Amino acid sequence: PADLGAPLAPPLAGPVASEGRAFGFLGMQRRCCLRRRRRANIDAARGIDVDDSNARVRLWRQTESWPIENAKDIDATWLSKFPLSTRGRHIVDRQGGRFKLAGVNWYGASDEYHTVGGLDVQRLDVICKTIRQLGFTVVRLPFSNQMLRETEPVAGSVNFDLNPHLRTLTPIQIMDEVVKELGRQKVAVILNNHTTFGAWSGGVESNGMWFAQGGAQTPWGEHDEAHWIEDWCMLASRYAQCAHVIGYDLRNEVRLAVTWRGPCGMFPWLRWPVFRSRVRPPVVENGTECVDDDHECALAVRLDWARAAADCAVQLHQVNSEALVVVERVCWPQWSLHDYIASPGPLLPQLAGKLVLAVHSYSWSGPGRFLVRWGVPRWLHPIARAVASTGLLSWRNHGDMIASDGAELRELMKKEWGFVLEQEQCPVWVSEFGCSRYKPDEMAWMSIFVDILHELDADWAYWPLNVGPKPGSQEPEHYGMLTESWEAPPEGSDPRLLMLQTIMRPIDAREGSARRSAWNEGDPRGPA
């Protein structure tokens with residue numbers, strides 16, 4: 001591709017970086033502001049109109065070509081399984097056989113370095129081979145919209161002595177090579193739009209929504225819902241010849257978000273997502289829909305995740321009608337999937353045969369408006385408990401529900417998403433869950449949760465494969481599965497992997513029927 005100017009600055013070191021980690025999204029906004037200024041100066045020097053928010057996008061689209069050609073040396077028999085579709089509660093291959101998603105998340109392209117983790121310490125082919133050897137059938141591959149526009153990886157994110165074939169590639173071209181190598185190892189791929197900005201995502205911050213309003217909010221200009229859909233359609237076209245790219249996970253953890261307005265994003269603006277908004281689009285004179293940001297009804301429609309996901313899915317299927325579409329439930333507040341399977345509804349029946357619903361679960365997550373307690377200072381716990389006692393917030397998290405063999409947790413999972421499988425409505429993919437092997441309380445929760453996944457025979461993806469420091473910080477990734485050299489752990493050494501290996505294969509039809517009968521009769525633990 002043509003040189004669009006230097007990439008965004010690497011993760012900042014020294015006081016500014018420390019301030020960013022200490023003050024969370026406030027620090028991130030300061031770093032983004034500095035990067036926007038640098039990018040604007042580069043654009044101006046190269047003749048790109050800095051007042052035209054779409055100029056960089058147009059130039060980027062003109063200098064990339066797709067679809068890419070798939071690797072020639074992928075097993076043809078394995079490829080013949082694709083495309084996949086859904087039948088009742090299951091995902092099935094081209095021949096009608098069950099294809100269970102027993103996956104792992106491999107993050108990095110969604111973060112500050114814009115490339116998958118591990119390429120700085122290990123060869124790409126070794127990592128992909130390890131994924132297959134561990135028994136995973138699919139990789140959930142998170143990416144950011146920012147990554148799609150970067151012109152080179154951040155210094156130090158790739159060891160080019162180990163991976164010389166990646167030396168001259170842009171981040172999106174490195175993702176191409178990741179996709180191809182996973183195919184060689186007979187591992188399928190589901191792309192996941194994890195973030196808009198390349199940054200670690202969590203809590204209330206700018207990556208909570210699928211769009212970012214205002215040209216001052218992204219290094220490349222305005223990124224509204226239309227741009228989000230355009231990016232997805234580009235990727236669908238790009239990987240149209242890679243049959244093992246089996247689906248599109250439209251957006252990660254839609255939740256309460258903060259966007260910023262004013263000079264350098266000084267003033268916060270909270271946005272709250274809904275699913276299947278009951279508010280109709282308002283209409284002004286001349287029959288034109290209201291798009292005024294300050295209009296309550298227009299804002300409710302804009303924040304309707306059901307509407308946005310359905311619109312995106314329809315346009316994606318115009319590009320590639322064969323792919324699965326993964327729609328995650330709103331992450332916070334966290335409610336049942338009841339509205340998601342309504343038919344007729346926002347998703348069904350128009351996505352029947354291709355829709356997969358997704359949920360996330362951790363020991364520290366919970367029902368409704370849950371509190372992530374490790375994110376609340378201890379001195380605020382009494383106040384948080386008092387607020388929770390009013391019903392406005394939920395103090396009890398999943399890790400508090402494992403007494404009596406996890407009966408309470410089982411019942412909650414059944415009410416939130418297990419019923420969708422029981423009713424044979426559509427597949428539910430638990431696309432994130434994980435724990436630290438060094439925390440006994442988290443391990444106890446995971447043991448119960450893996451039992452639930454087995455009893456329901458649900459599709460899943462562990463978070464994450466990655467080990468080492470998290471992007472942009474020195475905090476270690478305790479949930480990771482590999483050794484520090486990004487190789488498989490010694491056999492039998494990681495109890496989490498031993499748990500996962502018990503649920504990698506689908507249970508047979510007879511056992512599955514018995515388990516569902518036991519759940520329907522009121523015993524969520526399944527047959528003895």
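Here are legends for a handful of close-up views of this predicted model.

**View 1. How confident is the predictor along the chain?** Averaged over the chain, the pLDDT of this predicted model comes to 81, with 76% of residues at 70 or more. Two stretches call for some caution. Residues 282–288 stay under 50 in pLDDT, and the model gives them nine contacts beyond four places in sequence. Residues 290–295 are also below 50, and that stretch has twelve contacts beyond near neighbours in sequence.

**View 2. Helix α6, wrapped up by the rest of the structure.** This close-up follows residues 171–184, the 14 residues of α6. Its end C-alpha atoms sit 20 Å apart, and that agrees with the 20 Å expected at 1.5 Å a residue. Of those 14 residues, 13 are buried, so α6 is largely enclosed by the rest of the structure. After the helix comes Lys186, with a positive phi near 60 degrees.

**View 3. Phe136 against Trp460, an edge-to-face pair.** The whole structure holds 19 aromatic pairs. In one of them, Phe136 meets Trp460 edge-to-face, with 6.2 Å between ring centres and 75 degrees between the planes. Phe136 belongs to the loop between α5 (124–133) and β4 (138–144), while Trp460 is in strand β12 (residues 459–462), so the pair ties together parts 324 residues apart in sequence. Phe136 is buried at 0% relative accessible area, and Trp460 is buried too, with 0% relative accessibility. Zoom out a little and both rings turn up in one aromatic cluster, along with Phe433, Trp445, Phe449 and Tyr462.

**View 4. Phe143 and Trp232 link a strand to a helix.** This aromatic pair is edge-to-face: the centres are 5.4 Å apart and the planes make an angle of 80 degrees. With Phe143 in strand β4 and Trp232 in helix α7 (residues 225–238), the pair ties together parts that lie 89 residues apart in sequence. Both residues are buried.

**View 5. Arg98 and Asp457, a salt bridge between two loops.** The structure has 20 salt bridges by count. Here the side chains of Arg98 and Asp457 meet at 2.8 Å, N to O. Arg98 is in the loop between β2 (90–92) and β3 (102–105), and Asp457 in the loop between α12 (440–456) and β12, so this pair ties together parts 359 residues apart in sequence. Arg98 is partly exposed, at 23% relative accessibility. Asp457, by contrast, counts as buried at 6%.

**View 6. Lys470 with Glu475, plus a network to compare.** Lys470 and Glu475 form a salt bridge through their side chains, 3.3 Å from N to O. Lys470 has a relative accessible area of 15%, under the 20% cut-off, so Lys470 is buried. Glu475 is partly exposed at 45% relative accessibility. As for the network, salt bridges with shared partners join Arg98, Lys100, Asp457 and Asp459.

**View 7. Lys72 and Glu69, out where there is some exposure.** A salt bridge brings the side chains of Lys72 and Glu69 together at 2.4 Å, N to O. Lys72 is exposed, with 72% relative accessible area. Its partner Glu69 counts as partly exposed at 44% relative accessibility.

Definitions and conventions. Residues numbered from 1 in each chain as written. Heavy atoms only, no water. pLDDT = per-residue confidence, 0-100. Contact = heavy atoms within 4.5 Å. Helix = DSSP H or I, 4+ residues; strand = E, 2+ residues; numbered from the N terminus. Expected span 1.5 Å × (residues − 1). Buried < 20%, exposed > 50% of the residue type's maximum accessible area, 1.4 Å probe, protein only. Phe/Tyr/Trp six-rings, centres within 6.5 Å; stacked < 30°, edge-to-face > 60°. Salt bridge = Lys/Arg side-chain N within 4 Å of Asp/Glu carboxyl O.
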